[in-house]
Amino acid sequence: MTNRWLVRRSYPFGQLRSELDRTFGDLYGWSRAPVGRAGARRGTYPAVNVWEEDDVLRAEAEVPGLKMEQLEILVQGDELTLKGEREMENREEVTYHRRERGFGSFSSVVRLPVEIDVDNVEARLEDGVLTVTLPKAPSARPRKIEVKTSNH
Amino acid sequence: METTTAVDKRTGREVGTQEPTRTMPRYRPLVDIEEHADELRVIAEVPGAKAEDIDINYEQGILTLHARVRPRQPENVNYLIREYGIGDYYRAFEVSETIDPSRISADYTDGVLVLHLPKAEKAKARKVEVKAR
(Lines give C-alpha, C1' and ligand atoms only; values in the text may rest on other atoms or scores of the structure.)
Protein backbone atom coordinates (compact mmCIF):
# COMPACT_ATOMS: atom_id res chain seq x y z
CA MET A 1 0.00 0.00 0.00
CA THR A 2 1.25 3.43 -0.84
CA ASN A 3 1.05 6.20 1.64
CA ARG A 4 -0.11 9.49 0.25
CA TRP A 5 0.34 11.43 3.49
CA LEU A 6 4.03 11.07 2.93
CA VAL A 7 4.07 11.54 -0.78
CA ARG A 8 2.53 14.95 -0.33
CA ARG A 9 5.52 16.25 1.57
CA SER A 10 6.68 18.05 -1.56
CA TYR A 11 8.86 15.14 -2.50
CA PRO A 12 9.50 15.07 -6.22
CA PHE A 13 9.66 11.31 -6.55
CA GLY A 14 6.34 10.45 -4.96
CA GLN A 15 6.20 6.86 -6.00
CA LEU A 16 9.74 6.12 -4.97
CA ARG A 17 9.29 7.89 -1.69
CA SER A 18 6.15 5.95 -0.93
CA GLU A 19 7.94 2.71 -1.58
CA LEU A 20 10.74 3.73 0.70
CA ASP A 21 8.36 4.77 3.39
CA ARG A 22 6.58 1.50 3.27
CA THR A 23 9.80 -0.28 3.99
CA PHE A 24 11.72 2.20 6.05
CA GLY A 25 8.93 4.34 7.43
CA ASP A 26 10.45 4.58 10.84
CA LEU A 27 13.73 5.87 9.51
CA TYR A 28 11.90 8.91 8.24
CA GLY A 29 10.36 9.38 11.62
CA TRP A 30 6.75 9.49 10.48
CA SER A 31 5.39 6.89 12.84
CA ARG A 32 6.79 8.83 15.73
CA ALA A 33 7.49 12.32 14.61
CA PRO A 34 10.33 13.97 16.45
CA VAL A 35 8.78 16.63 18.58
CA GLY A 36 10.17 19.69 20.21
CA ARG A 37 12.34 20.75 17.31
CA ALA A 38 11.27 23.68 15.21
CA GLY A 39 9.80 22.55 11.92
CA ALA A 40 10.10 18.88 12.81
CA ARG A 41 6.39 18.35 12.33
CA ARG A 42 6.22 19.96 8.93
CA GLY A 43 4.10 17.81 6.65
CA THR A 44 2.90 15.51 9.41
CA TYR A 45 -0.71 14.42 9.03
CA PRO A 46 -2.92 15.48 10.57
CA ALA A 47 -1.84 19.02 11.27
CA VAL A 48 -2.77 20.09 14.79
CA ASN A 49 -3.82 23.36 16.36
CA VAL A 50 -3.65 23.72 20.12
CA TRP A 51 -4.98 26.54 22.22
CA GLU A 52 -5.64 27.26 25.85
CA GLU A 53 -8.98 27.91 27.52
CA ASP A 54 -8.67 28.44 31.26
CA ASP A 55 -7.92 25.04 32.81
CA VAL A 56 -7.97 23.03 29.60
CA LEU A 57 -6.01 22.80 26.40
CA ARG A 58 -7.91 22.08 23.24
CA ALA A 59 -6.25 20.29 20.37
CA GLU A 60 -7.96 20.27 17.00
CA ALA A 61 -7.23 18.38 13.81
CA GLU A 62 -9.01 18.12 10.48
CA VAL A 63 -9.59 14.49 9.58
CA PRO A 64 -12.31 14.54 6.91
CA GLY A 65 -13.88 11.21 6.06
CA LEU A 66 -12.75 9.45 9.20
CA LYS A 67 -15.01 8.01 11.87
CA MET A 68 -14.13 8.06 15.55
CA GLU A 69 -13.53 4.31 15.51
CA GLN A 70 -10.87 4.78 12.84
CA LEU A 71 -8.95 7.16 15.09
CA GLU A 72 -6.73 6.40 18.01
CA ILE A 73 -6.08 9.20 20.48
CA LEU A 74 -3.31 8.68 22.99
CA VAL A 75 -2.15 11.00 25.74
CA GLN A 76 0.95 10.22 27.71
CA GLY A 77 2.22 12.85 30.06
CA ASP A 78 2.55 15.91 27.86
CA GLU A 79 2.40 14.08 24.53
CA LEU A 80 -0.67 13.78 22.36
CA THR A 81 -0.70 11.20 19.57
CA LEU A 82 -3.33 11.00 16.82
CA LYS A 83 -3.22 7.82 14.80
CA GLY A 84 -5.39 6.30 12.17
CA GLU A 85 -5.72 4.95 8.73
CA ARG A 86 -7.76 5.77 5.71
CA GLU A 87 -8.04 2.99 3.25
CA MET A 88 -7.50 3.68 -0.39
CA GLU A 89 -10.51 2.92 -2.51
CA ASN A 90 -9.43 1.54 -5.81
CA ARG A 91 -12.12 0.64 -8.20
CA GLU A 92 -11.24 -0.74 -11.55
CA GLU A 93 -14.17 0.73 -13.41
CA VAL A 94 -13.30 4.27 -12.37
CA THR A 95 -10.99 6.67 -14.16
CA TYR A 96 -9.34 9.13 -11.81
CA HIS A 97 -8.98 12.63 -13.20
CA ARG A 98 -7.57 13.91 -9.94
CA ARG A 99 -6.45 12.27 -6.75
CA GLU A 100 -5.43 14.77 -4.13
CA ARG A 101 -6.98 13.31 -1.00
CA GLY A 102 -4.67 11.42 1.29
CA PHE A 103 -4.80 7.78 2.23
CA GLY A 104 -2.78 5.31 4.17
CA SER A 105 -1.88 5.19 7.82
CA PHE A 106 -0.77 8.24 9.75
CA SER A 107 0.51 9.20 13.13
CA SER A 108 0.97 12.67 14.50
CA VAL A 109 2.62 13.44 17.82
CA VAL A 110 2.58 16.85 19.45
CA ARG A 111 4.23 17.86 22.65
CA LEU A 112 1.99 19.93 24.84
CA PRO A 113 3.42 22.69 26.98
CA VAL A 114 1.90 21.37 30.22
CA GLU A 115 1.16 18.06 31.92
CA ILE A 116 -2.30 16.72 31.19
CA ASP A 117 -4.83 15.06 33.47
CA VAL A 118 -4.94 11.96 31.27
CA ASP A 119 -7.98 10.41 32.95
CA ASN A 120 -10.25 13.22 31.89
CA VAL A 121 -9.42 13.68 28.23
CA GLU A 122 -12.44 13.97 25.95
CA ALA A 123 -12.70 13.89 22.18
CA ARG A 124 -15.40 14.76 19.74
CA LEU A 125 -15.66 14.58 16.00
CA GLU A 126 -17.92 16.85 14.01
CA ASP A 127 -17.94 17.56 10.28
CA GLY A 128 -14.49 16.05 9.92
CA VAL A 129 -12.96 18.11 12.72
CA LEU A 130 -11.58 16.32 15.75
CA THR A 131 -11.43 18.30 18.98
CA VAL A 132 -9.64 16.85 21.98
CA THR A 133 -10.18 18.53 25.33
CA LEU A 134 -7.16 18.08 27.58
CA PRO A 135 -7.59 19.23 31.18
CA LYS A 136 -4.37 20.45 32.70
CA ALA A 137 -2.95 18.31 35.47
CA PRO A 138 -3.64 19.90 38.86
CA SER A 139 0.06 20.61 39.21
CA ALA A 140 -0.01 22.60 35.98
CA ARG A 141 -2.97 24.80 36.88
CA PRO A 142 -2.28 28.27 38.04
CA ARG A 143 -2.95 28.69 41.72
CA LYS A 144 -3.89 31.86 43.36
CA ILE A 145 -1.53 32.38 46.20
CA GLU A 146 -2.60 34.68 48.90
CA VAL A 147 0.07 36.99 50.00
CA LYS A 148 -0.26 37.91 53.57
CA THR A 149 0.85 41.33 54.41
CA SER A 150 2.40 42.08 57.69
CA ASN A 151 1.41 45.70 57.55
CA HIS A 152 -0.54 47.00 60.46
CA MET B 1 -9.15 46.02 -7.78
CA GLU B 2 -8.42 44.13 -4.62
CA THR B 3 -8.02 40.39 -4.90
CA THR B 4 -8.16 37.56 -2.43
CA THR B 5 -5.79 34.69 -2.53
CA ALA B 6 -6.59 31.00 -2.52
CA VAL B 7 -4.33 29.16 -0.13
CA ASP B 8 -3.40 25.50 0.01
CA LYS B 9 -4.24 24.30 3.51
CA ARG B 10 -1.28 22.04 4.02
CA THR B 11 1.53 24.08 2.60
CA GLY B 12 0.14 27.54 3.22
CA ARG B 13 1.19 28.35 -0.35
CA GLU B 14 -0.77 30.55 -2.64
CA VAL B 15 -2.44 28.57 -5.36
CA GLY B 16 -4.29 31.24 -7.25
CA THR B 17 -5.99 34.55 -7.21
CA GLN B 18 -9.71 35.04 -7.45
CA GLU B 19 -12.20 37.81 -7.30
CA PRO B 20 -12.87 38.99 -3.80
CA THR B 21 -15.99 38.21 -1.85
CA ARG B 22 -14.81 38.45 1.71
CA THR B 23 -11.56 39.41 3.33
CA MET B 24 -11.00 36.08 5.10
CA PRO B 25 -8.51 33.66 3.59
CA ARG B 26 -10.10 31.04 1.38
CA TYR B 27 -8.72 27.57 1.19
CA ARG B 28 -8.62 25.27 -1.75
CA PRO B 29 -10.22 21.97 -0.80
CA LEU B 30 -8.46 18.76 -1.78
CA VAL B 31 -10.45 16.79 -4.32
CA ASP B 32 -10.63 13.48 -6.06
CA ILE B 33 -12.41 13.52 -9.40
CA GLU B 34 -13.65 10.19 -10.62
CA GLU B 35 -15.24 9.32 -13.89
CA HIS B 36 -17.77 6.54 -13.69
CA ALA B 37 -19.72 5.06 -16.58
CA ASP B 38 -22.71 7.30 -15.98
CA GLU B 39 -21.39 10.21 -13.93
CA LEU B 40 -18.49 12.37 -12.88
CA ARG B 41 -17.95 12.33 -9.15
CA VAL B 42 -16.18 15.15 -7.35
CA ILE B 43 -15.16 14.29 -3.79
CA ALA B 44 -14.03 17.35 -1.86
CA GLU B 45 -12.71 17.69 1.67
CA VAL B 46 -14.25 20.66 3.46
CA PRO B 47 -13.80 19.82 7.14
CA GLY B 48 -15.52 22.18 9.54
CA ALA B 49 -18.23 23.24 7.08
CA LYS B 50 -21.88 22.62 7.92
CA ALA B 51 -24.02 21.08 5.18
CA GLU B 52 -26.21 24.19 5.04
CA ASP B 53 -23.17 26.42 4.48
CA ILE B 54 -22.07 24.69 1.30
CA ASP B 55 -22.99 26.30 -2.01
CA ILE B 56 -22.61 24.44 -5.24
CA ASN B 57 -23.25 26.12 -8.52
CA TYR B 58 -23.07 24.89 -12.07
CA GLU B 59 -23.37 27.35 -14.85
CA GLN B 60 -22.17 27.21 -18.43
CA GLY B 61 -19.79 24.38 -17.80
CA ILE B 62 -18.26 25.88 -14.65
CA LEU B 63 -18.76 24.07 -11.39
CA THR B 64 -18.08 26.18 -8.32
CA LEU B 65 -17.90 25.01 -4.79
CA HIS B 66 -18.00 27.42 -1.91
CA ALA B 67 -18.20 26.32 1.71
CA ARG B 68 -18.41 28.82 4.49
CA VAL B 69 -16.66 27.87 7.68
CA ARG B 70 -17.69 29.41 10.97
CA PRO B 71 -14.98 30.20 13.48
CA ARG B 72 -14.46 27.40 15.98
CA GLN B 73 -12.12 29.12 18.41
CA PRO B 74 -12.95 31.79 20.92
CA GLU B 75 -12.19 35.31 19.80
CA ASN B 76 -8.65 36.45 20.56
CA VAL B 77 -7.60 32.83 20.87
CA ASN B 78 -4.07 32.26 22.01
CA TYR B 79 -2.65 29.42 19.95
CA LEU B 80 0.08 27.32 21.50
CA ILE B 81 0.50 25.32 18.30
CA ARG B 82 -0.89 26.50 15.00
CA GLU B 83 -0.24 24.26 12.03
CA TYR B 84 -3.21 25.13 9.81
CA GLY B 85 -5.57 27.97 9.19
CA ILE B 86 -9.34 27.99 9.25
CA GLY B 87 -11.51 29.70 6.69
CA ASP B 88 -13.88 29.23 3.79
CA TYR B 89 -13.24 26.81 0.97
CA TYR B 90 -13.53 27.74 -2.65
CA ARG B 91 -12.76 25.97 -5.87
CA ALA B 92 -14.01 26.11 -9.43
CA PHE B 93 -13.75 23.53 -12.19
CA GLU B 94 -14.38 23.65 -15.87
CA VAL B 95 -16.35 20.54 -16.66
CA SER B 96 -15.43 19.26 -20.08
CA GLU B 97 -17.92 16.39 -20.12
CA THR B 98 -21.49 17.00 -21.12
CA ILE B 99 -23.48 16.61 -17.98
CA ASP B 100 -27.13 16.98 -17.06
CA PRO B 101 -27.26 19.95 -14.65
CA SER B 102 -30.83 19.20 -13.57
CA ARG B 103 -29.75 15.93 -12.00
CA ILE B 104 -26.69 17.11 -10.05
CA SER B 105 -26.84 15.90 -6.47
CA ALA B 106 -24.62 16.10 -3.42
CA ASP B 107 -24.07 14.21 -0.17
CA TYR B 108 -22.13 15.43 2.81
CA THR B 109 -20.73 13.30 5.65
CA ASP B 110 -17.87 13.84 8.09
CA GLY B 111 -16.43 16.83 6.25
CA VAL B 112 -16.45 15.12 2.86
CA LEU B 113 -18.67 16.41 0.08
CA VAL B 114 -19.55 14.04 -2.74
CA LEU B 115 -20.95 15.65 -5.87
CA HIS B 116 -22.63 13.52 -8.48
CA LEU B 117 -22.66 15.00 -11.96
CA PRO B 118 -24.67 12.64 -14.17
CA LYS B 119 -23.58 12.51 -17.76
CA ALA B 120 -26.08 13.71 -20.29
CA GLU B 121 -27.60 10.94 -22.39
CA LYS B 122 -25.70 11.90 -25.49
CA ALA B 123 -22.38 11.92 -23.63
CA LYS B 124 -22.67 8.41 -22.30
CA ALA B 125 -20.21 6.06 -23.84
CA ARG B 126 -21.70 3.90 -26.50
CA LYS B 127 -20.14 0.80 -27.71
CA VAL B 128 -19.51 1.02 -31.38
CA GLU B 129 -19.50 -2.23 -33.13
CA VAL B 130 -16.78 -2.69 -35.70
CA LYS B 131 -17.86 -4.88 -38.51
CA ALA B 132 -15.34 -7.09 -40.13
CA ARG B 133 -15.47 -7.20 -43.88
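Is Tyr79(B) buried, exposed or partly exposed? Tyr79(B) is partly exposed, with a relative accessible area of 23%. The points below concern a predicted model, and they return to this residue in point 6.

1. Make-up of chain A. The secondary structure of chain A consists of two helices and eight strands. Followed from the N terminus, the order of these elements is α-α-β-β-β-β-β-β-β-β. Of the 152 residues in chain A, 43% count as buried. When contacts between residues at least 6 apart in sequence are considered, 56% of those in chain A join residues at least 24 apart. The surface that chain A exposes is about 9100 Å², and carbon and sulfur atoms supply 47% of that area.

2. Make-up of chain B. Chain B has zero helices and 11 strands. Its pattern along the sequence therefore reads β-β-β-β-β-β-β-β-β-β-β. Of its 133 residues, 44% count as buried. Among contacts in chain B between residues at least 6 apart in sequence, 49% join residues at least 24 apart. The accessible surface of chain B is about 8100 Å², with 45% of it belonging to carbon and sulfur atoms.

3. Strand β4 and its first neighbour. Strand β4 of chain A covers residues 79–86 and is mostly covered, since six of its eight residues are buried. Strand β3 of chain A (residues 71–76) is joined to β4(A) by six bridges, and the two strands run antiparallel. One of the partnerships between these strands is that of Gln76(A) with Glu79(A) in β4(A). The hairpin formed by β3(A) and β4(A) has two residues between the strands, and Gly77(A) takes a positive phi near 60 degrees there.

4. Strand β4 and its other neighbour. Which strand do eight bridges join to β4(A)? The strand is β6 of chain A (residues 104–111), and it runs antiparallel to β4(A). Within this pairing, Thr81(A) stands opposite Val109(A) in β6(A). As a general point, side chains in a regular strand alternate between the two faces of the sheet.

5. An aromatic pair within chain A. A search of the whole structure finds two aromatic pairs over all chains. One of them is formed by Tyr45(A) and Phe106(A), which meet edge-to-face at 5.1 Å centre to centre, with 80 degrees between the planes. Tyr45(A) lies in the loop between α2 (14–24) and β1 (48–53) of chain A, whereas Phe106(A) lies in strand β6 of chain A, so the pair ties together parts that are 61 residues apart in sequence. Tyr45(A) is buried, with a relative accessible area of 10%. Phe106(A) is buried as well, with a value of 4%.

6. An aromatic pair between the chains. Trp51(A) and Tyr79(B) also form an edge-to-face pair, at 6.1 Å centre to centre and with 80 degrees between the planes. Trp51(A) belongs to strand β1 of chain A and Tyr79(B) to strand β8 (residues 79–82) of chain B, so this pair joins two chains. Trp51(A) has 2% relative accessibility and counts as buried. Tyr79(B), at 23%, is partly exposed, because buried means under 20% relative accessible area and exposed means over 50%.

7. Arginine over aromatic rings. In chain A, Arg99(A) lies over the face of Tyr96(A), at 3.9 Å from the ring centre. In chain B, Arg26(B) lies over the face of Tyr90(B), at 4.3 Å from the ring centre.

Definitions and conventions:
Residues are numbered from 1 along each chain as its sequence is written. Chains are lettered from A and ligands numbered from 1 in the order in which they are written. This is a predicted model: local features need pLDDT of at least 70, side-chain atom pairs count only at pLDDT 80 or more; totals for chains, interfaces and linings use all residues. Side-chain values use heavy atoms; hydrogens and water are left out. Buried means under 20% relative accessible area, exposed over 50%, partly exposed in between (1.4 Å probe, protein chains only). Helices (H or I, at least four residues) and strands (E, at least two) are DSSP runs, numbered from the N terminus. Two strands pair if DSSP finds at least two bridges between them. Rings of Phe, Tyr and Trp (its six-membered ring) pair if their centres lie within 6.5 Å; planes under 30 degrees apart count as stacked, over 60 as edge-to-face and the rest as tilted. A charge sits over a ring if NZ of Lys or CZ of Arg is within 6 Å of the ring centre and within 35 degrees of the ring normal. Contact means heavy atoms within 4.5 Å. Accessible areas come from the Shrake-Rupley method with a 1.4 Å probe; for residues, only the protein chains shown count as cover.
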